[in-house]
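Please open the structure in a viewer and keep the sequence at hand. The tour below proceeds from one selection to the next and states what is found at each stop.

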Amino acid sequence: MSFLASLRFRLRAAGDFGHHVLTTFGTQWLILGLALINSAVVARWLGPAGKGTLTLATLVTTSLVLFLGGGLNLAHVYYAGSRQIELPRLTANAVAVSLPVNGLTALLVAVFFLTGWWQRLLPGMPAEVLLLALTWFPALLLREYLLGILQGRRRIPAVNLVNLSQAALTLVGTLVFVPGLGWGLVGAVLAVVIAGWMALGLTIGLVRREGARFRPLWDRRLLKATLSYGLRGWLANILQFFNYRLDTFLLNGFVGATAVGIYSVAVALAEMLWYLPNAVGFVLFPRAAATPAAVMNRLTPRVLLITMSLTALAAAALAVVGRPLIVLVFSTAFAAAYLPLLALLPGVVLLGGSKVLVNDIAGRGFPQYNSLGAGIGLVVTVIGDVLLIPRYGAVGAGVASSLAYAVVFLIHLTLYRLVSRRTRLPAPA
């Protein structure tokens with residue numbers, strides 16, 4: 001390849017990366033706007049306790065997808081990105097794996113309800129609300145599997161379209177069912193469920209255009225390859241999930257649903273700062289799977305510096321406008337969310353950097369390495385939550401999370417430096 005041809009290739013690749021990051025970032029802000037309107041409607045019609053219960057009900061469903069999904073969505077990004085497995089086989093594999101996972105989930109739900117464990121794990125949660133939220137599980141599971149394939153093929157606009165559509169449909173459903181028909185908490189959950197199933201339908205249509213095959217394919221070598229990669233990344237995601245959400249469950253247990261409703265506002269605002277790191281990491285993962293390590297060693301440090309600098313500036317701005325923004329959007333009943341927001345901000349900035357690093361590491365074929373940072377961060381989270389939440393409530397939860405996020409970033413930075421000196425692991429056949 002001539003020098004000019006090589007230069008044109010690099011400029012085009014850089015342009016595609018930047019374009020995909022910007023479009024994903026813009027889409028996420030549109031989703032954020034829709035989610036904030038939806039959250040404000042729920043907060044004003046249901047109050048802190050109702051909003052906290054809705055948060056917990058939907059969190060249970062998303063948690064089950066994470067716990068039981070086996071990380072297959074991550075494997076699909078890697079194998080679709082590296083073109084080691086054809087797309088029709090990946091989609092058929094996704095359908096095949098989703099069937100037993102749905103059966104296992106139904107069994108676990110039956111056991112939890114028949115034994116009454118759900119009442120001990122989620123005190124104050126209405127049974128009909130939880131059961132309704134769980135009907136979203138099959139749609140969410142398969143959607144995540146299929147979106148991983150689209151992400152790996154770098155069909156970033158298609159993935160953005162699905163996510164934006166789900167947010168818009170959820171808002172429409174909430175407006176119709178909550179203030180419109182007066183169905184309260186059940187209506188808010190129903191809006192999430194219907195939007196989730198419609199988003200799956202859109203995802204299937206988009207994947208079908210890529211040549212998908214939806215008849216289940218039971219191929220031992222294919223299952224072994226995808227589950228081997230997926231489970232290595234799955235552990236890291238499980239541990240990181242607890243870093244994100246364990247404080248919500250503990251806050252509910254120690255203080256109650258009202259505190260969860262207050263804290264959920266602080267978390268929602270703080271996690272706005274992750275929209276840029278999430279967009280960068282989303283695009284970086286399939287890029288790292290398809291790009292030589294030497295090229296990524298030049299790209300990722302520059303991307304990390306820019307991402308963290310912009311995130312820090314946004315955090316400073318949010319610290320200034322946070323209190324009036326909370327009152328304006330959510331009402332004075334949620335003004336107490338400002339101090340937990342301040343407590344979260346430093347850690348959120350640092351974890352934004354970690355989101356860039358873990359996607360580079362996973363794209364090189366080492367998803368299991370991300371488990372170390374997430375695991376140690378979880379230990380910090382548990383200790384901090386147990387010590388601080390009973391005394392300081394939502395503010396204590398914010399401080400504990402911020403400390404854990406800082407630890408996670410430092411560990412992932414060290415791991416990235418080690419992995420960047422190595423080549424990608426050979427993928428299973």
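Begin with helix α9, which gives 3 residues to the lining of the second largest cavity, the largest share of that lining. The model on display is predicted. Helix α9 covers residues 220–254.

**The second largest cavity**

Select Tyr244, Arg245, Asp247, Tyr263, Val267, Glu271, Trp274, Leu344, Val348, Ser401 and Tyr405, the residues that line this cavity. The volume enclosed is about 50 Å³. Colour the helices next: at least two lining residues come from each of α9, α10 (257–270), α13 (338–363) and α15. Sorted by class, the lining consists of 7 nonpolar, 1 polar and 3 charged residues. How many cavities of 30 Å³ or more does a search of the whole structure find? The search finds 2.

**The crossing of α3 and α9**

Keep α9 selected and add helix α3, residues 87–115. Two packed helices are described by the angle between their axes and the distance between the axes. For α3 and α9, the angle is about 80° and the axes are 11 Å apart. Helix α3 is therefore roughly perpendicular to α9. To view the contact itself, display Arg89, Leu90, Asn93 and Val97 on the α3 side, which meet Leu222, Leu223 and Thr226 on the α9 side. The residues of this contact comprise 4 nonpolar, 2 polar and 1 charged.

**The second largest pocket**

Both of these helices reappear at the next stop, the second largest pocket, which holds about 420 Å³ of space. The lining has 17 residues, and those closest to the centre of the pocket are Val60, Leu64, Phe112, Leu121 and Leu122. Two or more lining residues are given by each of α1 (3–68), α3, α4 (117–121), α5 (127–134) and α9. Which element supplies the largest share of this lining? Helix α1 does, with 5 residues. Colouring by class shows 16 nonpolar residues and 1 polar residue in the lining, with no charged residues.

**Arg154, in a loop**

Move now to the loop between α6 (137–152) and α7 (156–180), and select Arg154 there. The phi angle of Arg154 is near 60°, a positive value in a residue other than glycine. With a relative accessible area of 32%, Arg154 is partly exposed.

**Val327, in α12**

Select helix α12, residues 293–330, and locate Val327 within it. Is Val327 buried or partly exposed? Its relative accessibility is 30%, so Val327 counts as partly exposed. Apart from neighbours within four places in sequence, Val327 is in contact with Arg44, Thr332 and Ala335. For a further check in the viewer, draw the C-alpha to C-alpha distance from Val327 to Ala337: these residues are 9.5 Å apart in space and 10 residues apart in sequence.

**Ser420, after α15**

The last selection is Ser420, in the segment that follows α15 (394–419). Ser420 has a relative accessibility of 16% and therefore counts as buried, since the cut-off for buried is under 20%. Display Asn297 and Arg364 as well, for Ser420 touches both, residues up to four places away in sequence not being counted.

Note on methods
Residues numbered from 1 in each chain as written. Predicted model: local features only at pLDDT ≥ 70, side-chain atom pairs only at ≥ 80, totals over all residues. Heavy atoms only, no water. Axes fitted to C-alpha atoms, helices over the stretch in contact; angles between N-to-C directions. Helix = DSSP H or I, 4+ residues; strand = E, 2+ residues; numbered from the N terminus. Parallel < 35°, antiparallel > 145°, perpendicular 65-115°, else oblique. Contact = heavy atoms within 4.5 Å. Nonpolar A, V, L, I, M, F, W, Y, C, P; charged D, E, K, R; others polar. Buried < 20%, exposed > 50% of the residue type's maximum accessible area, 1.4 Å probe, protein only. 1 Å grid on protein atoms, 1.4 Å probe; cavity = no way out; pocket = protein on both sides within 12 Å on 5 of 7 lines; lining within 4 Å. Points joined across faces, edges and corners; volume = space filled by probe spheres on them.
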